[in-house]
Protein chains: 2
Amino acid sequence: MSSSERIDIEQSAQSRNEDVAEQNRQVFRQAGVTVMNMIGSPGCGKTSILEYTAGHFDGTFAAIIGDVETALDSERLSRTGVRAVPIETGGSCHLTAEMVRDAARELNLEEIDFLFVENVGNLVCPSTFDLGEEFKVAVVSLPEGEDKVRKYPALFVRAKVVLLNKMDLAEVCGIDTRRVKEDCRSLRNDVKVLETSAKTGDGFEEWFDFLRGCRA
Amino acid sequence: MSSSERIDIEQSAQSRNEDVAEQNRQVFRQAGVTVMNMIGSPGCGKTSILEYTAGHFDGTFAAIIGDVETALDSERLSRTGVRAVPIETGGSCHLTAEMVRDAARELNLEEIDFLFVENVGNLVCPSTFDLGEEFKVAVVSLPEGEDKVRKYPALFVRAKVVLLNKMDLAEVCGIDTRRVKEDCRSLRNDVKVLETSAKTGDGFEEWFDFLRGCRA
């Protein structure tokens with residue numbers, strides 16, 4: 001098989017994914033649900049952000065939680081009372097629109113304002129797969145260093161909002177967040193960048209304000 | 001295209017990769033070079049570990065440094081005097097045996113004892129692509145949490161050695177490394193697990209001893 005044949009095959013899979021994503025988006029919009037695709041490295045705090053949001057935010061939401069193996073994160077989130085549907089991808093490195101369509105059928109969309117789709121922990125592959133979301137949320141954990149935006153631009157050029165999480169570790173890790181913010185804005189000048197700590201709750205009021213402003 | 005056709009195509013790409021990986025392994029063994037495939041999340045400290053190793057280890061080594069975009073890490077490592085060849089994958093989420101074969105041609109293998117191949121920052125996709133290495137080195141950064149081994153078993157079942165890095169943040173992050181070590185051993189009982197900090201140098205004497213024991 002030639003490399004151009006491989007590219008054709010990948011493009012055909014991407015194109016089928018785009019079609020299902022567009023159908024998902026119509027379903028979500030019709031139900032009045034704002035859907036977010038959360039993308040970040042393993043252990044950057046995606047589930048912790050959802051846990052904190054569940055305990056302090058007055059909006060109603062549900063979650064779809066993707067992982068390569070285990071349903072640990074959806075079990076964690078369920079303990080807060082949020083309806084969380086797990087997707088175990090069984091080795092696949094990102095969610096697809098079909099996976100999200102099937103998981104969303106387990107939810108009553110009429111009952112919620114927001115749906116968070118937590119993607120597989122991975123800064124690369126999830127970036128270019130539309131799931132039918134309204135927008136993407138990127139999460140960067142400060143101990144990962146200052147260079148992640150420059151090294152993984154495919155995500156940051158697509159993310160409407162970036163959470164710089166684990167801000168409680170900024171000082172001990174010696175991270176200058178101004179530089180990270182500049183990198184975000186150089187890729188997308190309308191990006192919203194928030195500094196959060198799901199441990200202390202710092203920055204979450206701004207996150208909640210942002211969410212309220214996105215209500216469908 | 002049916003999903004079974006897609007699986008056939010993926011298997012054919014994997015099988016071609018295996019062939020090139022086996023050729024690489026023969027070349028490396030003939031030159032007496034011990035080659036390691038380092039895999040870990042973005043920002044887990046792979047390059048920092050190589051920088052610290054360069055400054056304090058008496059063995060001779062070179063590196064091949066993979067990244068989706070930028071040659072920032074290979075430039076960082078080059079400043080220590082180590083010969084570092086960058087591979088920018090241009091969007092691809094893991095290195096392939098062909099990429100490593102081409103990059104290794106820029107090195108004089110006769111001059112070195114060790115070759116570190118730093119894979120793309122990603123806990124998923126690199127795990128199942130053999131590059132022709134002697135063994136895999138997994139790196140986990142403690143702020144990523146205690147559950148990474150259980151959530152990404154495809155890597156940890158294949159890694160001969162696991163570095164639990166950023167140990168200087170263990171206490172502030174409240175991580176119990178005994179649990180992580182147990183998870184590693186439950187997947188592979190002959191695994192070597194080392195606790196390291198590329199910031200303080202803690203644990204590196206054990207890492208250097210391990211490397212000396214692996215000399216081809």
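A residue is called buried when its relative accessible area is under 20%, exposed when it is over 50%, and partly exposed in between (1.4 Å probe, protein chains only). Helices (H or I, at least four residues) and strands (E, at least two) are DSSP runs, numbered from the N terminus.

The model is predicted, so local features need pLDDT of at least 70 and side-chain atom pairs count only at pLDDT 80 or more, while totals for chains, interfaces and linings use all residues. Residues are numbered from 1 along each chain as its sequence is written, chains are lettered from A and ligands numbered from 1 in the order in which they are written, and side-chain values use heavy atoms, with hydrogens and water left out.

**Stop 1: chain A**

Select chain A, which has nine helices and seven strands. Turn the C-alpha trace: along its principal axes it spans about 50 × 45 × 35 Å. The radius of gyration, taken over C-alpha atoms, is compared with a globule rule of 2.2 Å times the number of residues to the power 0.38. A compact globule of 216 residues would come near 17 Å, and chain A agrees, with 17 Å. Of the 216 residues in chain A, 58% are buried.

Contact means heavy atoms within 4.5 Å. Among contacts in chain A between residues at least 6 apart in sequence, 73% join residues at least 24 apart.

**Stop 2: strand E1 of chain B**

Now select residues 34-40 of chain B, which form strand E1. Are the faces of this strand covered or open? Both are covered: B:Thr34, B:Met36, B:Met38 and B:Gly40 are buried on one side, and B:Val35, B:Asn37 and B:Ile39 are buried on the other. Seven of the seven residues are buried, so E1(B) is largely enclosed by the rest of the structure.

**Stop 3: the partners of E1(B)**

Two strands pair if DSSP finds at least two bridges between them. Add strand E4 (residues 114-118) of chain B, which pairs with E1(B) in the parallel sense over five bridges. To find one of the bridges, pick B:Asn37, whose partner in E4(B) is B:Val117.

Then add strand E5 (residues 135-141) of chain B, which runs parallel to E1(B) and is joined to it by five bridges. Here B:Ile39 has B:Ala138 as its bridge partner in E5(B).

**Stop 4: B:Asp130**

Go to the loop between E4 and E5 of chain B and select B:Asp130. Is B:Asp130 buried or exposed? B:Asp130 is buried, because its relative accessible area is 13%.

Which residues does B:Asp130 contact, leaving aside neighbours within four places in sequence? They are B:Asn17, B:Glu18, B:Ala21, B:Arg25, B:Ala97 and B:Lys136. B:Glu18 is 112 residues from B:Asp130 along the chain, yet their C-alpha atoms are separated by 6.3 Å.
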